[in-house]
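Dear colleague,

Here is the structure I promised to pass on to you. My notes on its surface and its internal spaces follow below.

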Amino acid sequence: MTAHRGVSDPTAVQGTERDKIFAFRRALMELENRIKVFVNLPLRSLDRIKIQHHMDKIGDIRIIPAE
């Protein structure tokens with residue numbers, strides 16, 4: 001079973017130092033939230049199809065942190 005959803009590459013951001021920091025912070029928060037959601041899945045009570053469904057949905061999580 002696999003799932004892959006990338007985040008926007010924060011190193012590709014052009015702009016001010018603040019813009020670049022914001023991009024790294026957004027990427028970190030997206031990854032952190034996806035990991036938290038995954039580790040809190042009730043894996044023992046889910047079959048493979050449901051786990052895959054949840055993993056696919058987790059990849060869609062996007063976070064826009066407040067500046």
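A residue is called buried under 20% relative accessible area, exposed over 50%, and partly exposed in between (1.4 Å probe, protein chains only). Phe 38, at 34% relative accessibility, therefore counts as partly exposed.

This is a predicted model, in which local features need pLDDT of at least 70 and side-chain atom pairs count only at pLDDT 80 or more, while totals for chains, interfaces and linings use all residues. Residues are numbered from 1 along each chain as its sequence is written, and side-chain values use heavy atoms, with hydrogens and water left out.

Phe 38 lies in helix H1, residues 17–39 (helices are DSSP runs, H or I, of at least four residues, numbered from the N terminus). Together with Leu 31, Ile 35, Val 39 and Leu 43, Phe 38 makes a nonpolar surface patch of about 450 Å² (residues with over 30% relative accessible area and no salt bridge, that is, no side-chain nitrogen of Lys or Arg within 4 Å of a carboxyl oxygen of Asp or Glu, the nonpolar side chains being joined within 5 Å).

Phe 38 also belongs to the lining of the largest pocket, as do Leu 31, Ile 35 and Met 55, among others (a pocket is an open set of points on a 1 Å grid with protein on both sides within 12 Å along at least five of seven lines, and lining residues have an atom within 4 Å of a point). The space in this pocket is about 250 Å³, and H1 gives the largest share of its lining, four residues.

Best regards

How values were computed
Patch = residues over 30% accessible without salt bridge, like charges linked within 9 Å, V, L, I, M, F, W, Y side chains within 5 Å. Areas by Shrake-Rupley, 256 points an atom, 1.4 Å probe, with all protein chains shown as cover. Helix = DSSP H or I, 4+ residues; strand = E, 2+ residues; numbered from the N terminus. 1 Å grid on protein atoms, 1.4 Å probe; cavity = no way out; pocket = protein on both sides within 12 Å on 5 of 7 lines; lining within 4 Å. Points joined across faces, edges and corners; volume = space filled by probe spheres on them.
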